[in-house]
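Open the model in your viewer and keep the sequence beside it. This tour tells you what to select next.

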Amino acid sequence: MIREAARYALARVKTRNHSSDSELRKALMLLLEISDPDETVLLCETACTVRNESSGARMAVRALVETSSLCNNDCYYCGLNRGNKKAHRYKLGREDIVCCAKDAFSHGIRTVVLQSGEDGTHAGEVADTIADIKKIGDIAVTLSFGERPRHEYALWKEAGADRYLLRIESTDPELYASMHRNRKLESRLECLDALQELGYQTGSGIMIGFPGQTAGHIADDLIFFTKRGFEMIGMGPFIPHPDTPFARAPSGSVRTTLNAIAAARLCMPNVWMPATTALGSMDKDWRPDALRSGANVLMPNFSPQEKRKLYSIYPGKRCIGERTALVQQECESIARAGGLTVDWSRADAPAFAVTLGKASSAGPA
Ligand code: SF4
């Protein structure tokens, strides 16, 4: 049974026909809190129609390489926080990272995502690694190394990096402070400013359902993402790690996460949005459901097999057992289950694909 209020909110967000942020916020909150089966079907089908009409019914593939589990930071939700003495730490060398990128390339993947804790790796070492990867062929390099000085982001861009992922986690200063020790929202915003100014395809995102977060917070974050014009948005459910201050908090809701993905798609028709590994690591693999809610990216893990379980941001990561040898079949299978076909190109954001002279990877504008 679909409420008139839900139809109204959906139309408001989809057509961006709202007179103020507070009106949009109200509509987004209603969409985030939907639980009626008929309403969820309507929300998700509308989001998929918007995605398919704007960027095609396709799923991009990005190879994830977790380069270091060392971290100097203390995020209360993350198993790699520096206070966790039980965490096993490792750091891949330059040759190992390039080897993982070559492996991904040989499996037909044209984006590699290098991710690590904030381990203070020398910026020149990272730049050399990026340059080595770019010699493999036409492969996009996405970085996710957290907060670094602007001149280091500039050096990496110069070395050939294409994209950068930096989750905001919350645009509410108090909520942000409640999740991080000795970190301020301002410094994260400054980093995002620098990345966009330097010409990175920039991604951000949030966890859904961590302690203290409400539908109002998520709605505010979605409005922030829309205004900033990010090219990529990642959202997954909060999963408590036993060796963190948030150990006893309940997991985030899958339903709210899927609703947030659908609502984000309505706000940002062209954005690249992953069916996150966190969604694949709950009671079942919810990644096809994320694709059926408006997501359009999958990130198979190409870290060395023996290192995957050590990169323990949250427990129970599904990708630990995924076999790279079968990556093509598994991507095809998940895409099919989500009603999409696989796009094996670099799949740049539309504006950047034109700049790079690769309009074919952009899909309909
Ligand atoms: S979320 Fe990132 S920066 Fe924070 S503790 Fe974990 S690895 Fe470190």
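**Stop one: a helix residue**

Select Glu186, which sits in helix 8, the run of residues 185–197. Bear in mind that this is a predicted model. Is Glu186 buried or exposed? Glu186 is exposed, because just 10 other C-beta atoms lie within 10 Å, and a residue counts as exposed at 12 or fewer.

Now add Tyr176 to the selection. Draw a distance from C-alpha to C-alpha: Glu186 and Tyr176 are 10 Å apart in space. In sequence, 10 residues separate Glu186 from Tyr176.

**Stop two: around the ligand**

Next, select the ligand and the residues around it. Three cysteines belong here: Cys71, Cys75 and Cys78. Add Asn73, Leu80 and Asn81. Then pick up Gly117, Glu118, Gly146 and Ile313 to complete the set.

Color this shell by residue class. How many of its residues are nonpolar, polar and charged? Five are nonpolar, four are polar and one is charged.

**Stop three: the whole chain**

Zoom out and show the cartoon. The chain has 14 helices and nine strands. Its C-alpha trace spans about 60 × 45 × 40 Å along the principal axes.

Does the radius of gyration suit a compact globule, or what does the comparison say? For 365 residues, such a globule would have a radius near 21 Å; the chain has 19 Å, which agrees.

Color by burial next. Of the 365 residues, 49% count as buried.

Last, turn to contacts. Take those with a separation of 6 or more: 75% of them join residues 24 or more positions apart.

Definitions and conventions: Residues are numbered from 1 along each chain as its sequence is written. This is a predicted model: local features need pLDDT of at least 70, side-chain atom pairs count only at pLDDT 80 or more; totals for chains, interfaces and linings use all residues. A residue is near a molecule or strand if its C-beta atom, placed from the backbone, lies within 6 Å of it. Ala, Val, Leu, Ile, Met, Phe, Trp, Tyr, Cys and Pro count as nonpolar, Asp, Glu, Lys and Arg as charged, and the others, Gly among them, as polar. Helices (H or I, at least four residues) and strands (E, at least two) are DSSP runs, numbered from the N terminus. A residue is buried if 20 or more other C-beta atoms lie within 10 Å of its own, exposed if 12 or fewer, and partly exposed in between; C-beta atoms are placed from the backbone. The radius of gyration is taken over C-alpha atoms; the globule rule is 2.2 Å times the number of residues to the power 0.38. Two residues are in contact if their C-beta atoms, placed from the backbone, lie within 7 Å.
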